[in-house]
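Trainee: I am new to this structure and would like a close look at a single part of it, with each term explained as it comes up. Could you start from one residue and work outwards?

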Amino acid sequence: MTAVSDTPAPRPDPLRIAALASDLDAADLRSVPLRRLWGEEADDALARGMREPILRAITGDDGVLATLGRLLVLGMPQPRVAVDAALPHLGVDGLVALSLATADADTVTPTALLRPQSFVDADGVGEWWIASDLDEVALDGPLPPDHVLGVGGASRTLAETIVPIHVDRALDLGTGCGIQALLVARRAGTVIATDISARALAFAELNARLNGVANVEFRLGSMFEPVAGEAFDLIVSNPPFVITPRVEGVPAYEYRDGGLVGDALVEQFVRTAPAFLTQNGIAQLLGNWESRAGVAGLARLDAWVPGELDLWVIEREELSPLAYAELWIRDGGTTPRDPAFTPLLTAWLDDFAARGVTSIGFGYVLMRRGSSIPALRRTERIAQSVSNVGAALGTGLAAHDALADGIPTTLVTASDVTEARHLLPGNDDPSVIELRQGGGFSRTVNVDPALAGFVGACDGELTVTQIVSALADLFEVPLPDLWAELEPRIRSLVLDGMLVPGE
């Protein structure tokens, strides 16, 4: 078992944090200046775990930004005199008092990373400083089990999927370094951020104070225990969903392992969260789910959610047990060259085999305590590139609500929808007609000439009835028969955001 971190958690001292923020601002420790300092290629290399290109780029540079870049962004010791000069308000002693570094007479050694993190959401563009534990590059080895992760790929993915709504009360369950709580706080009156790790909460509180976010409250506890009896308009969670064998010798990392067998943690969340939602409240999370003995993971997940709730699940990836095990063993800092790799791989494969697991899915889950009857129930696999997922989900929910009263009187083709026609050589009639969505889920839908004609005529001026009547005359088919054929597919295009209600 990897040793627990021997460095203390940060101390969110308001005065010292204010001094640190002032120094970071004066030094312009932000993404664009840093990228300009050491170059785009070196900056991209850091995201892949390589810091040598950055070090080569700033060799001999003892300026304030280079000093803080090496100390806080890369996690490397720096001369005390240089750090004191770079942090004139806080000083080395203040950095040590915040438990972000240790120091002796000559050298300051960081015990945490502090990196600028830019973001874009429906309310605009911004950037925060986010503190977290030293990563495997800075540690030059495996992570300790109580490691507090910075802003990783999963954090960014969840942030992109959150429906951009303004709410009174929100919950960030399993807040980690606090990045989701900070993002949600931009559109919420109050955010409750919880975590089972006191160390994570300390980092999250420091990050909130460092960035001047005052509407977040931090609570220690497991799952929904810290908010018993409360209700929220929005619940977000990037829970520790990684499926890890519960056997001797396999490290359990707090930031990714929930301590339960298989996908039980995701099941517990989706079964429990509805009780903590207000009317029309939304819960969103990332998760893994297992396909077992012929039962697909998406089907198992659907069965966990009560039928009266809206459920929209998007599976982005599906891995074999071998690929999944290798992914997460490497994530912990162990490679096939290490002696520990084969025992860990064996433990993972044995664990999956014991439950008859054939594959593991990863994706987004959205639940809503809605009022539309019937409830939205949608589970799908989307492998293609996606964009503005949160907005697309919000559009889909609004479309589902609008369709509860029937197809709108007028429809307009969305501005990002294009049509592609494929013809065989010498043939004037297309063999394939496709509608392609440029944003959101980037869907491609095969349509026939009648539906293509309908979509092409949706300009908001003609009513749906007028368009379908004209098409029935054009194709010389009875209007009821054509409507019966088109109506469910029109509904699907509205739900997908390819057709939107006219004004």
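**Salt bridges, then enclosed spaces**

Mentor: At 9% relative accessibility, R443 counts as buried, where buried means under 20% relative accessible area, exposed over 50% and partly exposed in between, for a 1.4 Å probe and protein chains only. The model is predicted, so local features need pLDDT of at least 70 and side-chain atom pairs count only at pLDDT 80 or more, whereas totals for chains, interfaces and linings use all residues. Residues are numbered from 1 along each chain as its sequence is written, and side-chain values use heavy atoms, with hydrogens and water left out.

The partner of R443 is D496, and their side chains meet in a salt bridge at 3.3 Å, N to O. Because R443 sits in the loop between β16 (432–437) and β17 (444–447), and D496 in the loop between α19 (479–495) and β18 (499–501), the pair ties together parts that are 53 residues apart in sequence. Elsewhere, salt bridges that share partners join D263, E290, R292, R300, D351 and R355 into one network. D496 is buried too, with a relative accessible area of 11%. The element names follow DSSP runs numbered from the N terminus, with helices (H or I) of at least four residues and strands (E) of at least two.

A salt bridge here is a side-chain nitrogen of Lys or Arg within 4 Å of a carboxyl oxygen of Asp or Glu, and by this rule the count comes to 33. Another of them joins the side chains of R199 and D133 at 2.8 Å, N to O. This pair links distant parts of the chain, with R199 in helix α11 (residues 198–210) and D133 in strand β5 (residues 124–133), 66 residues apart. Both R199 and D133 are buried. In the salt bridge between R70 and D62, at 4.0 Å, N to O, R70 is buried with a relative accessible area of 11%, whereas D62 is exposed with 65%.

D263, already met in the network, also helps to line the largest cavity, together with residues including R246, G262 and L265. A cavity is a set of points, on a 1 Å grid over the protein atoms alone, where a 1.4 Å probe fits but cannot get out, and lining residues have an atom within 4 Å of a point. This cavity has a volume of about 60 Å³, a volume being the space filled by probe spheres set on the points, which are joined across faces, edges and corners. Its lining has 7 nonpolar, 3 polar and 2 charged residues, where Ala, Val, Leu, Ile, Met, Phe, Trp, Tyr, Cys and Pro count as nonpolar, Asp, Glu, Lys and Arg as charged, and the others, Gly among them, as polar.

The structure holds 2 cavities of 30 Å³ or more, and the second largest has about 50 Å³ of space. Its lining divides into 8 nonpolar, 2 polar and no charged residues, and W312, Y364 and L393 are among them. The elements α9 (153–161), β10 (277–292), β11 (310–319) and β12 (357–368) each supply at least two residues of that lining, and β12 gives the most, with 3 residues.

Technical notes. 1 Å grid on protein atoms, 1.4 Å probe; cavity = no way out; pocket = protein on both sides within 12 Å on 5 of 7 lines; lining within 4 Å.
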